[in-house]
Amino acid sequence: RFIAKPCAINLGIQDSGPHRAQPNAILEKVFTSITKSPDGKRLEGLSKQLDWDVRKIQRWFRHRRNQDKPTTLTKFCESMWRFTFYLSIFFYGIRFLWTAPWFWDTRQCWYNYPFQPLTSRLYYYYILELAFYWSLMFSQFTDIKRKDFLIMFVHHLATIGLITFSYMNNMVRVGTLVLCLHDASDFLLEAAKLANYAKYQRLCDAFFMLFGVVFIVTRLGIYPFWILNTTLFESWELIGPYPSWWLFNGLLVTLQVLHVIWSYLIIRTASKALVRGKVSKDDRSDVESSSEEEDVTSNSTKGILSTSSNGSNRLNGHVASSQWTGE
């Protein structure tokens, strides 16, 4: 409110919503009580009832759906908040872990386990991360429903489960490695979205490509060969198959499966960029799951995070998706 909004206004982002639909009691009742995307048969019935052209009714429903979407200014402020948190918590984690022995030797995560001291910096690092992911869990139900709603829901559940479970079992050393590794790419994605909202397309593309590289290196390289190696093999060797070993590693492997899915979507988007010289649509956008068929055909496609006619961006969360249909 006091930082992000003035920044957005200085960048020329207006607090204006999409074109509002013409007031019509009959169509409003259909929209709120029956369907937001009427089929052909219902459109023909409404056309006869109102003596309106079918295209005009389709346009009304499109405008009415867009009317409920958040403005570009709102999205910019949300992304700036997330960017600020991800960047701050990442540098806090790096600064803390740089002097931690288990950052350089993962076997230190298991020496003298479970009798390892919980320092105040470890405690606050964990509490901040847990609070943030709980906030994402709740806000997911109030935000626009994304195509990857289920994947993100599973991701948040696994993350919260891992943070809570590792804290309760004093596995905080390896937990800090997992948290810091995941924060390494998130702030780059939010930076790309900020550049997109401000219409700095080249900067947006550069941030997205950098995000893709960091994401794939950390999630498909460092995570399995560094994190999973120590939790699966080094822990087994040093302390044996402790009772919670299967659950803990099961959650970590679940995260790895999600990493593979998201990496595939990023690589597909990058492949399109190489072929066409730009990325026209993204596979994991914040388009409504109900979709906007009319918008898909009418929207121009520019850059990695291209915006729709109402200015909304189609990328949210960790990855780019297959059709930038509206956002």
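This passage walks through the annotated membrane spans, one helix and one cavity of a predicted model.

The unreviewed UniProt entry carries the annotation "transmembrane region" for residues 83–103, 123–142, 207–226 and 246–267. Two of these spans can be set against the model. Residues 83–103 come out as 86% helix and 0% strand, with 24 Å between the end C-alpha atoms. For residues 123–142 the figures are 85% helix and 0% strand, and here the end C-alpha atoms are 30 Å apart.

Next comes helix α9, which takes in residues 172–197. With 26 residues at 1.5 Å a residue, α9 should span 38 Å, and its end C-alpha atoms sit 37 Å apart, so the two values agree. There is still a bend of about 25 degrees in α9, placed at D183. As for its surroundings, α9 is mostly covered, with 26 of its 26 residues buried. Just after the helix, K199 adopts a positive phi of about 65 degrees.

Helix α9 also turns up around one of the internal spaces. The model holds four cavities of 30 Å³ or more, and the second largest of them encloses about 130 Å³. Its lining is made of 15 residues, with L162, I163, G175, V178 and L179 lying nearest the centre. The elements that each give two or more residues to this lining are α7 (120–139), α8 (149–168), α9 and α11 (245–276). In character, the lining of the second largest cavity splits into 10 nonpolar residues and five polar ones, with no charged residues.

Key: Residues are numbered from 1 along each chain as its sequence is written. This is a predicted model: local features need pLDDT of at least 70, side-chain atom pairs count only at pLDDT 80 or more; totals for chains, interfaces and linings use all residues. Side-chain values use heavy atoms; hydrogens and water are left out. UniProt positions are given in the numbering used here, feature names are shortened, and annotations may be inferred rather than shown by experiment. Helices (H or I, at least four residues) and strands (E, at least two) are DSSP runs, numbered from the N terminus. The expected span of a helix is 1.5 Å times one less than its number of residues. The bend at a residue is the angle between axes fitted to the seven residues ending there and the seven starting there. Buried means under 20% relative accessible area, exposed over 50%, partly exposed in between (1.4 Å probe, protein chains only). On a 1 Å grid over the protein atoms alone, a cavity is a set of points where a 1.4 Å probe fits but cannot get out, and a pocket is an open set with protein on both sides within 12 Å along at least five of seven lines; lining residues have an atom within 4 Å of a point. Grid points are joined across faces, edges and corners, and a volume is the space filled by probe spheres set on the points. Ala, Val, Leu, Ile, Met, Phe, Trp, Tyr, Cys and Pro count as nonpolar, Asp, Glu, Lys and Arg as charged, and the others, Gly among them, as polar.
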